[in-house]
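Please open the model in a viewer and keep the selection tool at hand. The tour proceeds by selections, each followed by a description of what is found there.

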Amino acid sequence: MLNLLKSDVYRLVHGKKLWVGAAVVVVMALAVAGMAWWIATPQFADMVNASIGQPDGADLAVSGDEPAAPLNEAVMDNFTHTVDQVLVGTGILTVLVSVLAGRVVLDDFSSRFVQSVFTVRRSRWDYYAEKLLLAAMLAAAFTLLADGAVAAAFALFGFSYDVVQPIGEIALWTVLVWLVTTAFTWLSCVVAWLTRSKGALDAWAVLVSTTFLGSMVQFLCTTFGVGVPLLENLPNFLLSNCVVLLSTQGLGLVETYPLLLAPSVGIAGWVSIVSALWLVAAAAVTFVACRRKDA
């Protein structure tokens, strides 16, 4: 398994997919930070005041001889909430890693590399275990890259934070994001293995990894599932709900959270439980259905 992992890492590092994905993360962080900086400038305030001016030339709220006061300050709520707004809550992180890992899986079949592996190795456990490990490593790498890119981009544009979080809180939030991202990624790998289709993988990423489908299911359950315990509790076990829970600005992750199905475990505990359930489910399908498909 170690040799397979080394081979995959080598191909990723010397290929284009990994660096294109990394570039998307960095560019997205810079674009959002730059836009936030522009909104916090006097020039943006001038533009807004000019756009709401009266057609008949009535006096604007700000004199043309004096620079307008910024409408917003260059201050973000806190670090984890900023990362969430840029890359996590938007679904960009989960989609990128899901598609990247899924394409790595499909490349093995399109290049017939997997056939030579299965010819040499009678047991397919090592192959699938290595791919799941690689997916988890990709999720970890991109989660850390997201933190670093957002921190650097907003620092570059002179932003500060209203609440300075402890390192331990940021680390805990990052680990939880990694767990959720890994769960989405493993599910995408399962879809790739079962369908052997890039179209199916991309469709899954767009519908599921963006949390779009989960949000729709949650809406339907809360709207039409009133009085039905199964439907009322179903949204609590969706990965999309974990993404929503992690958007609570990273505060109170280990404290009792009354809106949870099990309030005493806190956000961190519940996200860990739900992520673990989906990881186990994805691993089970991988080692049973996918392994038999290639038998």
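A residue is called buried when its relative accessible area is under 20%, exposed when it is over 50%, and partly exposed in between. Select Val-175 in helix H8. Its relative accessible area is 42%, so Val-175 is partly exposed. The model on display is a predicted one. Now add Ala-140 to the selection: this residue is 35 residues from Val-175 along the chain, and the two C-alpha atoms are separated by 8.3 Å.

Stay in helix H8, which covers residues 167-195, and select Thr-181. Is this residue buried or exposed? With a relative accessibility of 1%, Thr-181 is buried. Beyond its sequence neighbours up to four places away, Thr-181 touches Leu-93, Thr-94, Val-97, Ala-139 and Thr-143.

Next, display helix H7, residues 125-156. Its 32 residues should span 46 Å at 1.5 Å a residue, and the end C-alpha atoms are indeed 46 Å apart. Just after H7, select Gly-158, where phi is positive, at about 80 degrees.

Within H7, select Phe-154. This residue is buried, at 1% relative accessible area. Among its contacts, leaving aside residues up to four places away in sequence, are Ala-29, Val-32, Met-76, Phe-159 and Tyr-161. Phe-154 and Met-76 are 78 residues apart in sequence, while their C-alpha atoms lie 9.1 Å apart in space.

The tour now turns to charged residues. Side chains of opposite charge can pair when their charged atoms come close. The structure holds seven salt bridges.

Select Asp-8 and Arg-11, whose side chains form a salt bridge at 2.3 Å, N to O. Both residues belong to helix H1 (residues 2-13) and stand three residues apart, about one turn of the helix. Asp-8 is buried, with a relative accessible area of 2%, whereas Arg-11 is partly exposed at 33%.

Move on to Asp-107 and Lys-17, which meet in a salt bridge at 2.7 Å, N to O. This pair links distant parts of the chain, with Asp-107 in helix H5 (residues 92-110) and Lys-17 in helix H2 (residues 17-39), 90 residues apart. Asp-107 is partly exposed at 21%, and Lys-17 is partly exposed at 37%.

Finally, select Glu-130 and Lys-131, a salt bridge in which the closest N and O atoms are 3.1 Å apart. Both of these residues are buried. Which residues join them in a network of salt bridges? Add Asp-8, Arg-11 and Asp-108 to the selection to display the network that links them with Glu-130 and Lys-131.

Conventions. Residues are numbered from 1 along each chain as its sequence is written. This is a predicted model: local features need pLDDT of at least 70, side-chain atom pairs count only at pLDDT 80 or more; totals for chains, interfaces and linings use all residues. Side-chain values use heavy atoms; hydrogens and water are left out. Helices (H or I, at least four residues) and strands (E, at least two) are DSSP runs, numbered from the N terminus. Buried means under 20% relative accessible area, exposed over 50%, partly exposed in between (1.4 Å probe, protein chains only). Contact means heavy atoms within 4.5 Å. The expected span of a helix is 1.5 Å times one less than its number of residues. A salt bridge is a side-chain nitrogen of Lys or Arg within 4 Å of a carboxyl oxygen of Asp or Glu.
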